[in-house]
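Here is a short report on one protein chain. It moves from a surface patch to strand pairing, a salt bridge and the cysteines.

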Amino acid sequence: MTFAQFKNRFGFIFKYICRIAIGFILGIFFWRDKKIILFGNCPVPMFKTNKKKEQFLHNTKYLFLYFNSINSGYKCVYLCDEEDKAKKMKKAGLKHIYSRNSFKGFYYTLRAKYWVTDYAA
């Protein structure tokens with residue numbers, strides 16, 4: 001394993017461990033809302049080199065569309081990895097689509113009581 005591969009693998013892990021720790025600390029000050037459901041896919045396959053660019057797929061896609069179509073009383077939020085994909089999905093007529101790295105994406109991550117994710121390879 002070269003240094004670049006080592007840095008990519010463990011830099012990714014360190015980055016997400018720091019995000020989880022910061023989210024946990026900030027999560028103490030935010031009350032979880034039972035009416036918010038967060039949807040999304042696994043951000044990046046951790047140890048795979050082929051990264052899918054399409055993020056709106058599989059079970060989370062259909063469950064998100066179903067909950068939006070039935071007026072369930074829940075606020076359904078979908079998080080994308082890239083801001084461009086979120087903008088394209090909003091132009092297609094979908095509501096409550098945000099990037100993971102945006103302020104609103106981080107806010108809903110702290111506020112949501114339920115999180116539905118898909119770890120598709």
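Ile28 sits in the loop that runs between helix H1 and strand S1 (33-41). The model is predicted. Ile28 is exposed, with a relative accessible area of 58%. The cut-off for exposed is over 50%, so Ile28 qualifies at 58%.

Ile28 also belongs to a nonpolar patch on the surface. Its fellow members are Ile22, Phe24, Ile25, Leu26, Phe29 and Phe106. Together these residues and Ile28 have about 750 Å² of accessible area. Which helix gives the patch its largest share? Helix H1 (residues 3-27) does, with four residues.

**Overall layout**

The chain holds four helices and four strands. Read from the N terminus, the order of elements is α-β-α-β-α-β-α-β. The chain has 121 residues, and 28% of them count as buried. About 8700 Å² of the chain is exposed. Carbon and sulfur atoms supply 62% of that area. Contacts reach far along the sequence as well. Take the contacts between residues at least 6 apart: 62% of them join residues at least 24 apart.

**Strand pairing**

S1 pairs with strand S4 (residues 112-118) through six bridges. S1 and S4 run parallel. Asn41 has Asp118 in S4 as its bridge partner. S1 is also joined to strand S2 (residues 75-80), here by five bridges. S1 and S2 run parallel too. In this pairing, Phe39 stands opposite Tyr78 of S2.

**The salt bridge**

How many salt bridges does a search of the whole structure find? The search finds one. Asp33 forms a salt bridge with Arg111, and their closest N and O atoms are 3.8 Å apart. Asp33 lies in strand S1 and Arg111 in helix H4 (residues 103-111), so the pair ties together parts that are 78 residues apart in sequence.

The two partners fall into separate exposure classes. Asp33 is partly exposed, at a relative accessible area of 26%. Arg111 is buried, at 19%. The cut-off for buried is under 20%, so Arg111 at 19% falls within it.

Arg111 has further neighbours. Leaving out residues up to four places away in sequence, Arg111 touches Phe30, Trp31, Arg32, Asp33 and Ile36. The salt-bridge partner Asp33 is thus listed among these contacts.

**Cysteines**

How many disulfides does the count give? The count comes to zero. Cys18 is partly exposed, with a relative accessible area of 30%. Cys80, at 0% relative accessibility, counts as buried.

**Exposure at a glance**

The table collects the exposure values of the residues discussed above.

| Residue | Relative accessible area | Class |
|---|---|---|
| Ile28 | 58% | exposed |
| Cys18 | 30% | partly exposed |
| Asp33 | 26% | partly exposed |
| Arg111 | 19% | buried |
| Cys80 | 0% | buried |

**Drawing it together**

Strand S1 recurs in this account. S1 has parallel pairings with S4, by six bridges, and with S2, by five. S1 also holds Asp33, whose partner Arg111 lies in helix H4. The loop between H1 and S1 holds Ile28, a member of the nonpolar patch.

Methods: Residues numbered from 1 in each chain as written. Predicted model: local features only at pLDDT ≥ 70, side-chain atom pairs only at ≥ 80, totals over all residues. Heavy atoms only, no water. Disulfide = S-S within 2.5 Å. Buried < 20%, exposed > 50% of the residue type's maximum accessible area, 1.4 Å probe, protein only. Patch = residues over 30% accessible without salt bridge, like charges linked within 9 Å, V, L, I, M, F, W, Y side chains within 5 Å. Areas by Shrake-Rupley, 256 points an atom, 1.4 Å probe, with all protein chains shown as cover. Salt bridge = Lys/Arg side-chain N within 4 Å of Asp/Glu carboxyl O. Helix = DSSP H or I, 4+ residues; strand = E, 2+ residues; numbered from the N terminus. Pairing = 2+ DSSP bridges. Contact = heavy atoms within 4.5 Å.
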